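Dear colleague,

I am passing on the structure below, together with an account of what was found in it. Please look through the structure with the notes beside you.

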Amino acid sequence: MNMKDRLKNIGISIKSERLRRGISQGELAEKCDISRNSVSLIETGKINPTIIRVIDIADALGISIDSLVKDAKNKN
């Protein structure tokens, strides 16, 4: 799996969890102290968030980091 696919999978996981909890991009952005546009770019896999940002997002969603990145792990 290449990096682009991995970023898309992380973004899909974040968006799925956010929607499952009924949180808007703006609300998630506010909880993470980032812009709504940054949330959008992360969810679409267009930017590579730092590990600190992933931790912040996981905390804001009330889930583990592992649950966000499990589909992005390189499967050899």
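Which residues are exposed on the other side of α4? They are I52 and D59, and since this is a predicted model, that answer, like the rest of this message, describes a prediction. The helix seems a good place to begin, and the overall picture comes first so that it can be placed.

Overall picture

The secondary structure of the protein comes to 5 helices and 0 strands, and the order along the sequence is α-α-α-α-α. The C-alpha trace spans about 35 × 20 × 20 Å along its principal axes. For 76 residues, a compact globule would be expected to have a radius of gyration near 11 Å, and the 11 Å of this protein agrees with that. Of the 76 residues, 36% count as buried, while the accessible surface comes to about 4,700 Å², of which 51% belongs to carbon and sulfur atoms. Among the contacts with a separation of 6 or more, 59% are accounted for by residues 24 or more positions apart.

Helix α4 and its surroundings

Helix α4 covers residues 51-61, and its buried residues are V54, I57, A58, A60 and L61. Seen down the axis of α4, these buried residues fall within an arc of 160 degrees, so they line one face of the helix. I52 and D59, as said above, are exposed on the other side of α4. The buried residues of α4 pack against α1 (3-20), α2 (25-32), α3 (36-43) and α5. After α4 comes G62, whose phi is positive, near 70 degrees.

One residue of the buried face may be worth following more closely, namely A60, which lies in helix α4 and counts as buried at 17% relative accessibility. Leaving aside neighbours within four places in sequence, A60 is in contact with L28, K31 and C32. A60 and E27 are 33 residues apart in sequence, and their C-alpha atoms are 9.6 Å apart in space.

A buried arginine in α1

R18 has its place in helix α1, and with a relative accessible area of 6% R18 is buried. Not counting residues up to four places away in sequence, R18 touches I23, S24, Q25, L28, E43 and L61. L61 is also one of the buried residues of helix α4, and L28 is also among the contacts of A60, so that a reader who has followed α4 will meet these two names again.

Salt bridges

The count of salt bridges comes to 4, and three of them are described here, beginning with the one in α4. D56 forms a salt bridge with R53, with the closest N and O atoms 3.4 Å apart. Because D56 and R53 are 3 residues apart in helix α4, they are separated by about one helical turn. D56 counts as partly exposed at 27% relative accessibility, and R53 is likewise partly exposed, with a relative accessible area of 24%. Salt bridges that share partners also join E17, R20 and R21 into one network.

Within that network, the side chains of E17 and R20 meet in a salt bridge at 3.3 Å, N to O, and those of E17 and R21 meet in another at 2.4 Å, N to O. E17 and R20 both lie in helix α1, 3 residues apart, which is about one turn of the helix. E17 is buried, with a relative accessible area of 18%, whereas R20 is exposed, at 62%, and R21 is partly exposed, at 31%.

A nonpolar patch on the surface

Finally, I51, I52 and I65 form a nonpolar patch on the surface, with about 270 Å² of accessible area together. I52 is the residue already named as exposed on the other side of α4. I65 is found in helix α5, which covers residues 65-69, and counts as partly exposed at 30% relative accessibility.

With kind regards

Notes. Residues are numbered from 1 along each chain as its sequence is written. This is a predicted model: local features need pLDDT of at least 70, side-chain atom pairs count only at pLDDT 80 or more; totals for chains, interfaces and linings use all residues. Side-chain values use heavy atoms; hydrogens and water are left out. Patches are made of residues with over 30% relative accessible area and no salt bridge: like charges are joined within 9 Å, nonpolar side chains (Val, Leu, Ile, Met, Phe, Trp, Tyr) within 5 Å. Accessible areas come from the Shrake-Rupley method with a 1.4 Å probe; for residues, only the protein chains shown count as cover. Helices (H or I, at least four residues) and strands (E, at least two) are DSSP runs, numbered from the N terminus. Buried means under 20% relative accessible area, exposed over 50%, partly exposed in between (1.4 Å probe, protein chains only). The arc is that of the directions from the helix axis to the C-beta atoms. Contact means heavy atoms within 4.5 Å. The radius of gyration is taken over C-alpha atoms; the globule rule is 2.2 Å times the number of residues to the power 0.38.
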